[in-house]
Amino acid sequence: MGVVRACAPPAAVGAASAAPSTRDAAQTKRSSSRTARVLVLGGTGRVGGSTAAALSKLRPDLSILVGGRNREKGESFAAKLGERSEFVQVDTRNASMLEKALQGVDLVVHTAGPFQRAEECTVLQAAISTKTAYIDVCDDTDYSWRAKGFHEQAKAAGVPAITTAGIYPGVSNVMASELVHAARSENSEPERLRFFYYTAGTGGAGPTILATSFLLLGEDVIAYNKGEEIKLKPYSGALNIDFGKGVRKKNVYLLNLPEVKSAFKILGVPTVSARFGTAPFFWNWGMQAFANLLPADLLHDKSKVQKLVESIDPLVRAVDGIAGECVSMRIDLECSNGRNTVGLFTHKKLSVSVGYATAAFALAILEGNTQPGVWFPEEPEGIPIEAREPLLECASQGASNFVMNK
């Protein structure tokens, strides 16, 4: 699993199924005489930097633009990636700056979170305006469905786009889709789908991920029970789940994650939930304490949460140094006829694995697999059924355990 596999050269973005008029418009940005250009926004952060590094290893022929606000940090990182990489100074909140940065770009990868409490899809709108293919690593339910609201605009512009295209959500959605597809192909009807996630510490994924966790503590958990939407308390409902070799049993707790709603609506499974846990044990205790004790106005205020994260960041780094960066996912599917299947994914470093996961979605779009429009990973127009296995193979680079349909 540790060998880097090169992926096929990209087809013209949008070529898989766009109508001639939209396809021609989308392809004006590309020329067969040059390599594809990928802009990674948030490229100086943990997730964006990991994605850029994975792309450069999987496809050395790509031109990778590292997008961010810190020029010194960005130019230093781009130099390490190699001669096909360069830094582009861009602020994701500035629409005109975004559109300028997207000129001549084939795909934009939006990793500049947190996505919680964001009221506009500025990057997606700029991508549609400039006819640039798009993916994001959004992990917020409201934001992902706000992005989905631009589906018709993206379709009309011939722009393929995928939201929630990271590791979880993202790879986890594709794993769930494969389990559901396999069950239905054997005439089994799925009844309950459960997502379980574990990371050691923060997984070494940086302050943005920590801010995301705190913001999620301020949201009611949306889950589904026998077709009915239910609201539950965040970081409640503890379960002890076996994540397989190298991780084994860990406590996990309810969180409001976007794959629950997308799996319910797209895969048609009537009962869906998601739980997350971490280690050492006092991180779980701390998360529960934050959920119960911190003022609601703080957990709903992104700027206040980010200041809190900055203040405790040295402690978090110290604990991460002891706890490690392991990430593990377990997807459980139960069917009406008693057929139960599991998907397992474990990697020793979340900070590395998230890059390969996001890069796998980026390459799927560059290879022409995605139709114009805004899609969730479960939708076959976004990731076709036949493209799921190659995507999972690409995303599982370096995984210590990856098992499907167990």
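The exercises below, each with a worked solution, go through a predicted model of one protein chain.

**Exercise 1. The chain as a whole**

Describe the secondary structure of the protein chain, its share of buried residues, and the make-up of its contacts and exposed surface.

Solution. Begin with the secondary structure, which comes to 15 helices and 16 strands. Next, turn to burial: of the 406 residues of the protein chain, 58% count as buried. Then take the contacts between residues with a separation of 6 or more, where residues 24 or more positions apart account for 75%. Finally, consider the surface, of which the protein chain exposes about 16,100 Å², with 51% of that area supplied by carbon and sulfur atoms.

**Exercise 2. Two helices side by side**

Work out how helix α8 and helix α10 are oriented to each other, and state which residues meet where they touch.

Solution. Two packed helices are described by the angle between their axes and the distance between the axes. Here, helix α8 covers residues 171-185 and helix α10 covers residues 258-267, and their axes come within 11 Å and cross at roughly 30°. Angles under 35 degrees count as roughly parallel, and α8 and α10 are therefore roughly parallel to each other. As to handedness, α8 passes α10 in a right-handed crossing.

The last step is to list the residues: on the α8 side they are Ser-172, Asn-173, Ala-176, Ser-177, Val-180 and Arg-184, and these meet Glu-259, Ser-262 and Leu-267 in α10. Sorted by character, the residues of this contact between α8 and α10 divide into three nonpolar, four polar and two charged.

**Exercise 3. A glutamate in α8**

Decide whether Glu-178 is buried or exposed, and name the residues that Glu-178 touches beyond those up to four places away in sequence.

Solution. Glu-178 has its place in helix α8. Its relative accessible area is 18%, and buried means under 20%, so Glu-178 is buried. Leaving out residues up to four places away in sequence, Glu-178 touches Ile-385, Arg-388, Leu-392, Met-404 and Asn-405.

**Exercise 4. Cys-326 and its surroundings**

Locate Cys-326, and then trace its contacts to Thr-346 and Lys-348.

Solution. Cys-326 lies in the loop between α13 (302-323) and β13 (327-335), and with a relative accessible area of 16% Cys-326 is buried. When neighbours within four places in sequence are set aside, Cys-326 is in contact with Tyr-198, Thr-199, Ala-200, Val-247, Thr-346, His-347 and Lys-348.

Two of these partners can be followed further. Lys-348 is 22 residues from Cys-326 along the chain, yet their C-alpha atoms are separated by 4.2 Å. Thr-346, for its part, is 20 residues from Cys-326 in sequence, and the two are 7.3 Å apart in space, C-alpha to C-alpha.

Thr-346 has its place in strand β14 (residues 340-347), and at 2% relative accessibility Thr-346 counts as buried. Besides Cys-326, the residues that Thr-346 touches, not counting those up to four places away in sequence, include Phe-243, Val-247, Val-327, Ser-328, Ala-399, Ser-400 and Asn-401.

**Exercise 5. Backbone exceptions**

Most residues other than glycine have a negative phi, and most peptide bonds are trans. Find where Pro-114, Pro-169, Arg-117 and Asn-187 lie, and say what the backbone does there.

Solution. Take the prolines to begin with. The peptide bond from Gly-113 to Pro-114 is cis, with omega near 0°, and Pro-114 lies in the loop between β4 (107-110) and α5 (122-129). The bond from Tyr-168 to Pro-169 is also cis, with omega near 0°, and Pro-169 is placed in the loop between β6 (160-162) and α8.

Now consider phi. Arg-117, in the loop between β4 and α5, has a positive phi of about 70° although it is not a glycine, and at a relative accessible area of 27% Arg-117 is partly exposed. Asn-187, in the loop between α8 and β7 (190-200), has a positive phi of about 60° and, at 73% relative accessibility, counts as exposed.

**Exercise 6. Helix α5**

Which residues of α5 are buried, and what is the phi of Lys-131?

Solution. The buried residues of α5 are Thr-122, Val-123, Leu-124, Ala-126, Ala-127 and Ile-128. Because six of its eight residues are buried, α5 is largely enclosed by the rest of the structure. Just after α5 comes Lys-131, which takes a positive phi of about 55°.

Technical notes. Residues are numbered from 1 along each chain as its sequence is written. This is a predicted model: local features need pLDDT of at least 70, side-chain atom pairs count only at pLDDT 80 or more; totals for chains, interfaces and linings use all residues. Side-chain values use heavy atoms; hydrogens and water are left out. Helices (H or I, at least four residues) and strands (E, at least two) are DSSP runs, numbered from the N terminus. Buried means under 20% relative accessible area, exposed over 50%, partly exposed in between (1.4 Å probe, protein chains only). Contact means heavy atoms within 4.5 Å. Accessible areas come from the Shrake-Rupley method with a 1.4 Å probe; for residues, only the protein chains shown count as cover. Axes are lines fitted to C-alpha atoms, for helices over the stretch in contact, and angles run from 0 to 180 degrees between N-to-C directions. Angles under 35 degrees count as roughly parallel, over 145 as roughly antiparallel, 65 to 115 as roughly perpendicular and the rest as oblique. A crossing is left-handed if the near helix is turned anticlockwise from the far one by less than a right angle, and right-handed if clockwise. Ala, Val, Leu, Ile, Met, Phe, Trp, Tyr, Cys and Pro count as nonpolar, Asp, Glu, Lys and Arg as charged, and the others, Gly among them, as polar.
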